Amino acid sequence: MRARALVAWNVRRIRVDRGIPQEQLAYDAGIDRSYMGGVERQEENPTIDLLDRIARTLGVHLSEFFVQPPKGATSHKTLRKGRKPARLRHKKK
């Protein structure tokens, strides 16, 4: 796997595993939302400083972005659409 693809795969994996929307990660890391999407789509070539900011925002070591995925690993599913999490509704008795 190419380095850019590896970084993109791992950024998305960590972000989705933590339930963080792409827009929120971009905001918290001080990155333009569309640029963050480009990183995950392998369209952008982020600097090491930018990757360091993303890693700190996600609370992981920078090296986590270079972990090889296991054989047969599939891409992570997208998070639920929308900006607000679903609220639990209480049933009336």
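Biologist: Glu 40 sits in helix H3. Why is Glu 40 called buried?

Modeller: First, a reminder that this is a predicted model. The relative accessible area of Glu 40 is 10%. Buried means under 20%, so Glu 40, at 10%, gets that label.

Biologist: What does Glu 40 touch, leaving aside residues up to four places away in sequence?

Modeller: Ala 8, Val 11, Arg 12, Arg 15 and Gln 22. Touching here means having heavy atoms within 4.5 Å.

Biologist: Which other residues of H3 are buried?

Modeller: Besides Glu 40, the buried set in H3 has Met 36, Gly 37, Gly 38 and Val 39. What they pack against is H1, helix H2 (22-29) and H4.

Biologist: How do H1 and H3 sit against each other?

Modeller: H3 covers residues 33-40, and the two helices pack at an angle of about 115° with their axes 7 Å apart. On the H1 side you find Ala 8, Val 11, Arg 12 and Arg 15, and these meet Met 36, Val 39 and Glu 40 of H3.

Biologist: What makes three residues of that contact charged?

Modeller: Asp, Glu, Lys and Arg count as charged. Arg 12 and Arg 15 from H1 and Glu 40 from H3 are in the contact, so by that rule they go in the charged class. The contact of H1 with H3 also has four nonpolar residues and no polar ones.

Biologist: Now H1 and H4. Why are they called roughly parallel?

Modeller: H1 (residues 3-17) and H4 (residues 48-58) pack at an angle of about 20°, their axes being 11 Å apart. Angles under 35 degrees count as roughly parallel, and therefore this pair is described that way. The crossing is left-handed.

Biologist: Which residues make that contact?

Modeller: H1 supplies Val 7, Val 11, Ile 14 and Arg 15, while H4 supplies Leu 51, Ile 54 and Leu 58. By class, that contact splits into six nonpolar, no polar and one charged.

Biologist: Ala 55 lies in H4 too. Is Ala 55 buried or exposed?

Modeller: Buried: its relative accessibility is 1%, and the cut-off is under 20%. Not counting residues up to four places away in sequence, Ala 55 touches Val 60, His 61, Leu 62 and Phe 65.

Biologist: How far is Ala 55 from Ile 14?

Modeller: In sequence they are 41 residues apart, while in space the C-alpha to C-alpha distance is 9.6 Å.

Biologist: Let's go to Gln 42. What makes its phi worth pointing out?

Modeller: Phi of Gln 42 is near 65°, which is positive, and the residue is not a glycine. Most residues other than glycine have a negative phi. Gln 42 follows H3 and has its place in the loop between H3 and H4.

Biologist: And why is Gln 42 called partly exposed?

Modeller: Its relative accessibility is 31%. Buried needs under 20% and exposed needs over 50%, so Gln 42 is in between and counts as partly exposed.

Biologist: Stepping back, how many helices and strands does the protein have?

Modeller: Four helices and zero strands. From the N terminus on, the order is α-α-α-α.

Biologist: How much of the protein is buried?

Modeller: Buried residues make up 32% of its 93 residues. The accessible surface is about 7100 Å², with 50% of that belonging to carbon and sulfur atoms.

Notes:
Residues numbered from 1 in each chain as written. Predicted model: local features only at pLDDT ≥ 70, side-chain atom pairs only at ≥ 80, totals over all residues. Heavy atoms only, no water. Axes fitted to C-alpha atoms, helices over the stretch in contact; angles between N-to-C directions. Parallel < 35°, antiparallel > 145°, perpendicular 65-115°, else oblique. Left-handed = near helix turned anticlockwise from the far one by under 90°. Buried < 20%, exposed > 50% of the residue type's maximum accessible area, 1.4 Å probe, protein only. Areas by Shrake-Rupley, 256 points an atom, 1.4 Å probe, with all protein chains shown as cover.
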